[in-house]
Amino acid sequence: MKTVKFSLDKDIPVVAEADVLVVGGGPGGVGAAVMSAREGASTILAEQYGCMGGTATFGEITPMMTNHYAADGKLEHSISMDRPVYTELMERMWSYLPKELQPAASDTEWNSRRFIVSKDLISLAMEDLCLEAGVKLFYHFRLVAVAVENRKIQYAVFHTKSGFVAIRAKNFVDATGDGDLAALAGCRFEFGDTAHGLCQPMTLCFKLSHVDKSRMDNRKMQELYLKAQAEGRIECKRENVLMFGYFDDDIFHFNTTRVLGKSAIDALQRSEAELEGRRQMRQFVNWLRAEVPGFEHAVIHSMAPEIGIRESRRIRGRAYLTQEDFVRRSKFEDAIARCNYPIDIHSVTGAGTSFVTMQKNEYYEIPFGCIVAADVDNLTIGGRPISVSHELHASSRVMPPACSVGQAAGIAAAMASRKGISSSELEGTEVRKELIARGAWL
Ligand SMILES: Cc1cc2nc3c(=O)[nH]c(=O)nc-3n(C[C@H](O)[C@H](O)[C@H](O)COP(=O)(O)OP(=O)(O)OC[C@H]3O[C@@H](n4cnc5c(N)ncnc54)[C@H](O)[C@@H]3O)c2cc1C
């Protein structure tokens with residue numbers, strides 16, 4: 001590739017200083033910032049967009065996947081393993097709904113109201129939790145550079161409407177989903193699966209309204225989809241129509257587009273993926289309206305502002321988990337989160353989605369070392385890009401455990417700042433103890 005010389009050799013303002021700086025305002029970021037502030041640290045959360053939500057909002061994701069435990073293995077008797085921030089977040093989101101739409105005690109089935117996500121209400125709920133905890137929220141701050149000295153991040157540089165600005169902090173949490181902060185700080189990372197070097201595909205999600213549910217026949221729709229695909233009227237490699245219900249009876253959420261082979265950390269490929277996702281959506285909606293009973297009058301109700309990224313960087317940590325840990329249900333004395341969501345891999349090359357599951361009375365644990373960056377001392381990873389294999393990431397990436405991983409990253413950053421040390425100097429067992437004291441289910 002051709003290159004040009006470019007340098008930003010100028011003074012930029014330090015607009016803020018804090019004990020802890022969290023970059024990214026998704027499920028991981030809210031967990032990190034809220035826990036850090038509750039632990040007594042002055043905490044800033046910087047987010048590139050104008051509100052909280054992360055992929056839940058900008059990728060328009062529903063439902064929350066279950067990461068629940070039940071001694072008898074039954075979902076209806078289970079409790080969320082992701083406490084306290086995740087459960088508080090859901091309760092806050094429900095508080096924005098009228099009584100009749102709030103989940104009833106009997107709504108325990110997966111994809112019942114208990115698990116539905118409104119992209120707008122979850123964003124409001126995240127902001128509420130942050131503000132109530134005393135987190136300073138900096139919106140429209142896009143991380144672009146990091147200054148590192150002696151293995152410690154000194155400050156992070158953001159591009160804003162007032163140009164480049166810096167924020168100083170004692171400890172940092174990378175909650176960008178893509179591991180941007182860690183990568184800019186020079187941390188090593190893994191990318192993709194071992195066979196192809198490819199990540200899970202991207203998906204542009206959207207919702208349709210004005211659907212006549214009484215005339216919908218899911219089995220028939222799946223048959224029609226495969227026929228249209230075989231005859232070339234649907235150019236999307238996904239093997240079926242993946243759809244979910246919503247609060248309103250006539251609205252359905254679609255997680256059906258599949259954009260393969262694009263890298264979320266390559267600027268041009270990420271842009272191409274947006275175009276391809278929307279091309280697939282247009283084609284799919286036209287097909288539904290023309291050929292599928294119940295969808296004749298469907299209207300695009302909302303569309304994710306950006307394509308959803310399932311996987312990108314996985315930052316090298318002090319520990320590393322693989323599918324073996326899922327199979328063995330590994331446990332650790334310094335565990336900071338628990339998970340039993342399946343290994344759920346959308347094919348990286350074409351059709352198919354594979355699952356490795358476990359029962360609700362089982363789980364594996366994520367040790368502290370998986371969220372401690374190996375190459376920088378004052379950085380924890382709060383969310384999706386932790387130190388795990390492609391396969392294990394396909395389990396730990398979903399929103400509830402991402403929020404719990406975030407809360408552990410935030411509490412560690414706060415504890416370290418109070419002691420005047422880097423987060424990597426903490427013992428994982430003391431982080432776990434503090435998480436339990438703050439309401440974590442460990
Ligand atoms: C298509 C799709 C379907 C999914 N389905 C489900 C599902 O049904 N249920 C479920 O539970 N999970 C699902 N997931 C997984 C889940 O949404 C994510 O893994 C989860 O949101 C990760 O949380 P996070 O906080 O780590 O990252 P994100 O939610 O991605 O949040 C990262 C935040 O960081 C910000 N950011 C990024 N870079 C920068 C930067 N340079 N500067 C400043 N801010 C930055 C982003 O704007 C964003 O707000 C799905 C994911 C996808 C893509």
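So, domain 1 and domain 2 bury about 1,800 Å² between them, and 59% of that is on carbon and sulfur atoms. If you're wondering about that unit, the size of an interface is often given as the accessible area lost when the parts come together. Keep in mind that what we're looking at is a predicted model.

Which residues of domain 1 supply the most area here? That would be Glu 60, Thr 62 and Ile 116, with 29% of the area that domain 1 buries against domain 2, more than any other three residues.

Okay, where are these domains in the chain? The domain assignment gives domain 1 two stretches, 14-194 and 312-437, while domain 2 is 206-303. Their centres, taken over C-alpha atoms, are 29 Å apart. As for the contact itself, domain 1 brings 26 residues to it and domain 2 brings 18 residues.

There's some charge pairing across that interface too: the rule finds two salt bridges between domain 1 and domain 2. And how many salt bridges does the structure hold? The count is 36.

Let me pick out a couple. Arg 270 pairs with Asp 178, and their closest N and O atoms are 2.8 Å apart. Then there's Asp 19 with Lys 170, where the closest N and O atoms are 2.9 Å apart. I like this one for where its partners sit: Asp 19 is in strand 1 (residues 14-23) and Lys 170 is in strand 8 (residues 163-174), so the salt bridge ties together parts that are 151 residues apart in sequence.

Next, helices. Two packed helices are described by the angle between their axes and the distance between the axes. Take helix 1, residues 27-38, and helix 3, residues 85-95: they pack at about 105 degrees, with the axes 10 Å apart. Parallel or perpendicular? An angle from 65 to 115 degrees counts as roughly perpendicular, and helix 1 and helix 3 are therefore roughly perpendicular to each other.

Who touches whom? From helix 1 you get Val 30, Gly 31, Val 34, Met 35 and Arg 38, and they meet Val 85, Glu 88 and Leu 89 of helix 3. Sort the residues in that contact by class and you have five nonpolar, one polar and two charged.

Last up, some backbone oddities. Most residues other than glycine have a negative phi, and most peptide bonds are trans. Now for some exceptions.

Remember Thr 62 from the interface? The peptide bond from Thr 62 to Pro 63 is cis, with omega near 0 degrees. Pro 63 sits in the loop between helix 2 (55-58) and strand 3 (68-69). Another cis peptide bond joins Arg 83 and Pro 84, with omega about -5 degrees. Pro 84 is in the loop between strand 4 (79-80) and helix 3, the helix we just talked about packing with helix 1.

On the phi side, His 210 isn't a glycine, yet its phi is positive, about 60 degrees. You'll find His 210 in the loop between strand 10 (206-209) and helix 6 (218-230). Arg 329 also has a positive phi, near 55 degrees, and it lies in the loop between helix 8 (323-328) and strand 15 (335-339).

That's it from me!

Technical notes: Residues are numbered from 1 along each chain as its sequence is written. This is a predicted model: local features need pLDDT of at least 70, side-chain atom pairs count only at pLDDT 80 or more; totals for chains, interfaces and linings use all residues. Side-chain values use heavy atoms; hydrogens and water are left out. Axes are lines fitted to C-alpha atoms, for helices over the stretch in contact, and angles run from 0 to 180 degrees between N-to-C directions. Helices (H or I, at least four residues) and strands (E, at least two) are DSSP runs, numbered from the N terminus. Angles under 35 degrees count as roughly parallel, over 145 as roughly antiparallel, 65 to 115 as roughly perpendicular and the rest as oblique. Contact means heavy atoms within 4.5 Å. Ala, Val, Leu, Ile, Met, Phe, Trp, Tyr, Cys and Pro count as nonpolar, Asp, Glu, Lys and Arg as charged, and the others, Gly among them, as polar. Domain bounds come from an automatic or database domain assignment. Buried area is the accessible area (1.4 Å probe) that two parts lose on being put together, summed over both. A salt bridge is a side-chain nitrogen of Lys or Arg within 4 Å of a carboxyl oxygen of Asp or Glu.
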